[in-house]
Each structure stands twice: as C-alpha cells, then as structure tokens.
Amino acid sequence: MINPATRMAGWPTWAHLLLAITAGAVGSMADAPLSVGVLILVPLLAGFALLRGAQNVRGALIRGWALGFGYFAPTLSWITEPFQVDAAVTGWMAPFALVLLALLLGSFWAFALAFARWAVGQAWVLVFAWAGVEMLRAYVFTGFPWAAPPQALVDGLAGQGLAWGGPHGVMLAMAALAAVTASRTWKALRIAVAAACVSLFVLPVMAPKAELTAHTVRLVQPNAPQDEKWDPARVPVFVNRQIDFTAAGPVPDLVVWPETALPYLVENAQVVFDAIAEAARGAPVVLGIQRRQDSDYFNSLVVLDAAGQVTQTYDKHHLVPFGEYMPFEWFFRHIEVGGLAARAEGGYAAGPGPRLLDFGVLGRALPLICYEAVFAHDVGGAPERPTFLMQLTNDAWFGARSGPQQHLAQARMRAIEQGLPMIRAANTGISAVIDPNGRVTAALGLNMAGYLDAVLPAPAPPTIYSRTGDAPWAVLLLLGLVAAVLTRARLRQSGGIDAGEPHA
C-alpha cells in the first residue's frame, strides 16, 4: 500500500498549495468564534505532510507560507474592523492590512518548513523549528503572538498544559504529537497518539472548582461603539451610564471600568472623579484614562479612593504598533499617517513596565491594559506574584464577533499559565471573571451595556510556568535547532544528504 504522503510527492505544486491553504483555513475554525479546538490538528498534521512533499528548500518555503496564510487570514479577519471606524479615511487600508499581516505571520511558518527541509528534511527538526518561530513571533518587532496554536486549547483539558509549559512548551508538545501522528512508521503508536490528542482537546477541564474569596468585584461595561466613543455629543451618555452602573445595587468591594473609560486627561477630570466616588459609596474604583506628563501622553489607568483622589497610577508599557504609536514615525508623519488608536499627536509614550496595585484586603493586582494580556512573558514579568490579574480593555476596536472572543481566550490563557484569577472589564464586552483554571465564572456578553457583580476567585498555588517563564523552553528550542544544523553538517560531510532529495 502506498503511503498518502508518498503519493503527495508526485502532485503538482498548485495542488500542494491548495492543500496547504485549505488545511490552514480548516485550522482557523479551531479559534473563536467557532472554537472547534481539535481542528488545530489539521494544519499541524498538514505541515509535516507538506515537508515530505517538498523537493527542495524553496518548495518547503512556499508550502509553509501557503499554510500560514490559510490559517492566519481567516483567523485574523477581525483586523479589518479598526479601519472601518473612520471608513471614509482608512477603510481602503483594511484588505491590504489583512493580506499583509497574514503574509507576514505566514512567513514564520514558511521559515520553519524551509529550515527543516534545509537541515535534514526530518520531522523532528520541524518540531523544534515550528515551536521556535512561534516563540519568535511573541518577541520580535515587539511581538504579535495572537492566534498561536495553543490558543485553540483553552476550552479543553489540553489547555491546562499551559500551567506547566506556557504557550511555547505547549506548542512544542503539540508539534511533537503531530509529528508522531503524521509519521510513516509505528502505526499502533500513531493511532494511540491521535486518539490521545483528540481526547485531550475535546474533554473539558476536570479540575475542581476554584476556591472563592469573600470579596465582590463589579465590572462596568458601557458598550460605547468606537465610532461614537469620542463624539462630544455622546460622551455624556457613556460617562453617565458608567456612573449609574457604579451607583446601582449593593456596594461591591471593588469597581472596575474599562480602558479609556473617560475621554479626559487625568489633570482635567477631578469633577468627574468626585461624581464617580460619590456613586461608588466608598468602594475603590479603577478606570482607564489618558494622562500627560511633560510632553508625553500615556494610556493609563488610575485608582480612585473614597474621596475621588487618585491613589495609584499605571501606564501601559506594551503599546500597539500602528495603533498607539507608529514605528518609523518620521516616515509616517511625512505621509500624514497616524496610529489608529492614538488620541494624542505623535501617539502614546510607553510606561516603565509591569507593576502591582495594592487593594488592601483584596490583595495586589497586576494591571494589564488591552493588548498587554496577549503576551505571556509580560504577565510573567511582574516584580512579585500578584493575588489576581486585572485587564482593562476596549475591544470595540476588534469588532463584534471573533476579535473580542479571541482576546478573551488569551486572557484565559494568562490565568491558566499563572494559576491566578483574572477580572476583565471590556468596553463593549466580553467583561468576565476567570478562575485560575481559565474557566469563565461570570460574564457580560458582547454589545451589551450593564454591570456584572461577581465573587473574586482565590489564587491557586504558583504554577511551574509562573516560576520558570520562557527561558527553559528557549534553551531547549535553541539546542534542538543547533542539533539540526550539526546533523546536517555531519550528513553532508559523510555524503548522506542531498539538497535535491527530501529526507523525512
């Protein structure tokens, strides 16, 4: 019987590219809004099949690029939404932004397949290369790890592996399992591994319910559409809505408003702060706001005490490129293009880095503003272990469908990785309380105005990943890639490798 991968080697290039794009697109259904996590196996398995079908490095590069493009383009289709906020000015950029981003991210997967084919053409090299490029994607050019394959696992038992290995350890394990399943030998082992993968991806989280504290948090969700959020005629509506939600019902232990909840600078907002404090009736309030220091503007959050005074401040330090600041600013200023989300000329300045906020009996929180929750290493970069994570975000930028749901999935990843609960206030949703196992214990849905009172879960013991971070995985991946290079050199010296033939 001829192995399917052997038959693939005789296919024309266009057939390989069609297979790659299709497999990537099927894999995109593993992420929100469909969230069929097991489908992430399809592009992973396809990657190893495409490696065997590539006759040279160039062929592997093109196939990897097609696979990545097929996955990232539909997964990140929400990226067109920010350009529609002011469609008359920026709408024309939307399709270019999606295509270019998908091609850029696809190039990481292309490099992984090309490197594996260049080295020895063997599956074990692709395991290290694929996990390696995913780690690079989290760091280079300030990083963009959105839609990493482990993101698809948060609903299943497999997602709990994030507590052990974080996103990069889990990615390495996923690639290794896919390599075994796609291999041409050890049929019984392949069947067993495939069954285990499907089970781990499909089975729900089996950990016991998280312990609860005695403290109630209130998450305020004003539901201000992005095209109305800064409209002077609509600003009073959204501000008063949040004040009314703060004043409603019993007094919670903490009130949290979303990112840029107030359209003022801190130094001009004391009258509003006084009204908020009166509505909060003694409870501390956290809210997103901008502030100015000398000539710099910051996307910040402040903590108000019972008297409406600012007692703590945090400045966002991991800014969104082309959103909150412009790389190569001199060039874009010359052509009069600015950041989509920047409310200050020249964009925002970056804050000094992670810090903890003290909430007394509730404990200490690590604040994350929007995009910062995408980065596992940012969350792990806290100076000390917090009691809980706190994200303020404005997901109105991400549209009303897949973007906010995928952003929530990443917040859940951070909770699992650290073994910490997260409270999340989102302008248009999804506001949520997440337990240390990544389960949403309470939520306020998309495109709803309201508030959510929920009991704050207690932190779990520190996870392995919270203690080690990415360093051990970076070392392991580097060793694997060095081994691939040395193996190639040894085989070339012995005449056992030919650049024209795959060795899978």
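Two strands count as paired if DSSP finds at least two bridges between them. With that in hand, start with the sheets of this predicted model.

One open sheet has six strands, in the order β6-β7-β8-β9-β10-β11. Its pairing is mixed. The edges are β6 (357-358) and β11 (440-444), and each of these pairs on one side only. Inside the sheet, β9 and β10 (residues 431-434) are antiparallel partners, held by three bridges. Met-422 faces Ile-434 of β10 across this pairing. A helix covers part of the sheet. Helix α15 (residues 402-418) lies across β8 (388-393), β9, β10 and β11. Its direction makes about 160 degrees with that of β9.

Stay with β9, which spans residues 422-426 and holds Arg-424. Is Arg-424 buried or exposed? Arg-424 is buried, because its relative accessible area is 0%, and the cut-off for buried is under 20%. The side chain of Arg-424 makes a polar contact of 2.6 Å with the side chain of Gln-391. Beyond its sequence neighbours up to four places away, Arg-424 touches several other residues, among them Asp-395, His-407, Leu-408 and Ser-431.

Now turn to the other sheet. Six strands form an open sheet in the order β5-β4-β3-β2-β1-β12, again with mixed pairing. Here the edge strands are β5 (310-315) and β12 (450-457), each paired on one side only. On average, neighbouring strands of this sheet are turned by 35 degrees against each other, direction ignored. Strand β2 (residues 254-256) runs parallel to β3 (residues 285-293), and two bridges join them. Val-255 stands opposite Val-285 of β3.

Helices pack here too. Helix α11 (residues 235-247) touches β1 (212-221), β2 and β12. The directions of α11 and β1 make about 155 degrees. Helix α12 (residues 270-280) lies across β3, β4 (296-304) and β5. It runs at about 170 degrees to β3.

Next, look at the nonpolar interior. The largest nonpolar core has 96 residues. Trp-130, Phe-359, Met-390 and Ile-423 have the most contacts inside this core. Helix α6 gives the most to it, with 11 residues. A second, separate core has 22 residues, including Val-220, Ile-276, Val-285 and Val-302. What does Trp-130 touch, leaving aside neighbours within four places in sequence? Trp-130 is in contact with Pro-43, Leu-44, Gly-47, Phe-48, Leu-67, Trp-109, Ala-112 and Met-171.

Helix α6 comes up again in the packing of α17. Helix α17 covers residues 471-494, which is 24 residues. From first C-alpha to last, α17 reaches 35 Å, close to the 34 Å expected at 1.5 Å a residue. Its buried residues are Leu-477, Gly-480, Ala-484, Thr-487, Arg-488 and Leu-491. An α-helix has 3.6 residues a turn, so residues three or four places apart point the same way. The buried residues of α17 pack against α6 (94-119), α7 (123-139) and α8 (162-181). Just after α17, Gly-495 takes a positive phi of about 80 degrees.

One last stop is the loop between α7 and α8, where Gln-160 sits. Why does Gln-160 count as buried? Its relative accessibility is 15%, and buried means under 20%. Leaving out residues up to four places away in sequence, Gln-160 touches Val-205, Ile-416 and Asn-437.

Note on methods: Residues numbered from 1 in each chain as written. Predicted model: local features only at pLDDT ≥ 70, side-chain atom pairs only at ≥ 80, totals over all residues. Heavy atoms only, no water. Helix = DSSP H or I, 4+ residues; strand = E, 2+ residues; numbered from the N terminus. Expected span 1.5 Å × (residues − 1). Buried < 20%, exposed > 50% of the residue type's maximum accessible area, 1.4 Å probe, protein only. Contact = heavy atoms within 4.5 Å. Polar contact = N/O pair within 3.5 Å; in protein donor to acceptor, adjacent residues only side chain to side chain. Core = buried A, V, L, I, M, F, W, Y, C linked by side-chain atoms within 4.5 Å. Axes fitted to C-alpha atoms, helices over the stretch in contact; angles between N-to-C directions.
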